[in-house]
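Trainee: I have a structure open and would like to learn how to read its features. Could you walk me through it?

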Amino acid sequence: MHDNVVIIGAGQAGLTAAMSLREKGWAGGIHLIGAEDRLPYQRPPLSKGYLSGTEAESDLALATDKTLADQNIDTHFGATATNIDREHQVVALCNGIQLPYRWLIFATGSQPRQLNVPGKELSGIHAVRTIHDADALRASFAEATGPTIFIGGGFLNLEVAVPAAEHGAVTVLEVAPQILGRVLSRPAANALAQYHASLGVEIRCGVTIHRILGDNGKVTGVEIDDGEVVPAQRVVLSVGAVARDELALAAGLETAGGVVVDEYLRTEDPAIFAIGDCAVFPNTHAGTQMRVESVQNATDHARHVAGLITKTVDEGYQALPWFWSVQGERRLQIAGLASPEDEAEVVDQDDTKGKLVVERYRTNRLVAVETINAPGPHMKARRTLSASASQQLAASL
Ligand code: FAD
């Protein structure tokens, strides 16, 4: 039996798993495979400081060549894993390399969801997932001022809308009646919408996209609803992400909008785990199987699986989810997980500081706390929610 751990995907989850395995004493081989031809890097700054120019590429790096070599981690960057032979426990790479494994970890992440409308192939339409994407958008801002249309009123677009407002008019087109409706209470979403309005960002909800218009192959506008055309120098498209689960599916593993795993983050094949954006796992805080896209989820999953492999951990995964988003001078933080039906109670508000604290309740039980410009209450909420989750678990045993 080989003593390799092979990790497919060298993003936040894959890199953390590799480093964590060594920290926890794994003495066998570690192979980290990454399709992107560069060192692992953080994605959050791509829509924040890196885009606006306050952070350099070197600030984004999660590891150096030296760290990886010192930790004896074999890297295969710029290489894609193309096949998994589960019977013989071997991963094949696009360059012909075959890597035998004792343990295999899927950390393949997610990718932007496509919008199937006429004109989607025009140039001047941007997504923000990779450094390459952020560079292309930066270049577009540098090249010409002019209106930017954001299709989708989610976190990512609302972050990018702030620096975009310095380069021309900004319109956010959202199909739902409210921005961030799936993930945020109405009071918190309204507070962010008001802040964006104060910057001159126009947010239009309940809008359907009919087609993207262009001239000479280059985007010129977006046609909505009843034929109205909103002019655009560029379009930024962010309508959610889909899990990269195609390799798991081809290997005969269960997928359902992501790689399906149990509470140990293990697939139906006991030698194979899935972590981070690509994993659909039983979330004890939500009481359902789900995928979570956040740095916390990617890194906590990674450490947990490293613990299971090194036998330094033996329980199921149950870390409290938390998330942040920076939109100009507004820092949103969410502790816990709420669903749209959960009640929202504003418990603190100071408009002069842009501060807001909203508690979310499900049948009188606190399930999440949303804060804007209130880091203290966020940290307190994380402690409170973690403690109450542990108590509930103990009571159920
Ligand atoms: P990824 O980072 O997607 O890494 C997966 C890697 O696997 C990719 O490099 C991919 O190329 C590679 N891969 C896929 N298939 C293969 C294959 N077959 N062979 C080899 N390699 C493969 N989260 C927050 O909590 N706060 C934020 O403010 C925030 N901001 C964000 C801003 C942006 C612009 C983006 C894109 C994301 C942001 N997120 C934020 C989300 C967070 O960055 C992700 O949840 C996290 O990076 C997921 O890490 P991952 O390792 O699971 O996936």
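Trainee: Which atom of Ser294 lies 3.0 Å from an oxygen atom of the ligand?

Mentor: A polar contact is a pair of N or O atoms within 3.5 Å; within protein, one must be able to donate a hydrogen and the other to accept it, and residues adjacent in sequence count only if both atoms are side-chain atoms. Here a backbone N or O atom of Ser294 lies 3.0 Å from a ligand oxygen. A polar backbone atom of Val295 is 3.1 Å from an oxygen of the ligand. For Lys48, an N or O atom of the side chain is 2.6 Å from a ligand oxygen. Bear in mind that this is a predicted model: local features need pLDDT of at least 70, side-chain atom pairs count only at pLDDT 80 or more, and totals for chains, interfaces and linings use all residues. Residues are numbered from 1 along each chain as its sequence is written, and side-chain values use heavy atoms, with hydrogens and water left out.

Trainee: How much of the ligand's accessible area does the protein cover?

Mentor: The size of an interface is often given as the accessible area lost when the parts come together. Accessible areas come from the Shrake-Rupley method with a 1.4 Å probe; for residues, only the protein chains shown count as cover. On its own the ligand has 1000 Å² of accessible area, and the protein covers 95% of that.

Trainee: How many residues surround the ligand?

Mentor: A residue is near a molecule if one of its heavy atoms lies within 4 Å of it. There are 35 around the ligand, and the closest are Glu36, Arg43, Lys48, Arg129 and Asp277. The shell splits into 16 nonpolar residues (Ala, Val, Leu, Ile, Met, Phe, Trp, Tyr, Cys and Pro), eight charged (Asp, Glu, Lys and Arg) and 11 polar (the others, Gly among them).

Trainee: Which domains does the shell draw on?

Mentor: Domain bounds come from an automatic or database domain assignment. The chain is divided into domain 1 (4-111 + 242-309), domain 2 (121-239) and domain 3 (329-396). Domain 1 and domain 2 each give at least three residues to the shell.

Trainee: What is the strand order in the open sheet that contains E20?

Mentor: Strands are DSSP runs (E, at least two residues), numbered from the N terminus, and two of them pair if DSSP finds at least two bridges between them. This three-stranded open sheet has the order E18-E20-E21, with mixed pairing. Strands E18 (259-260) and E21 (288-290) each have a single partner strand, so one side of each is left without a neighbour in the sheet. E20 (residues 279-283) and E21 run antiparallel, joined by three bridges, and Phe281 stands opposite Met290 in E21.

Definitions and conventions:
Helices (H or I, at least four residues) and strands (E, at least two) are DSSP runs, numbered from the N terminus.
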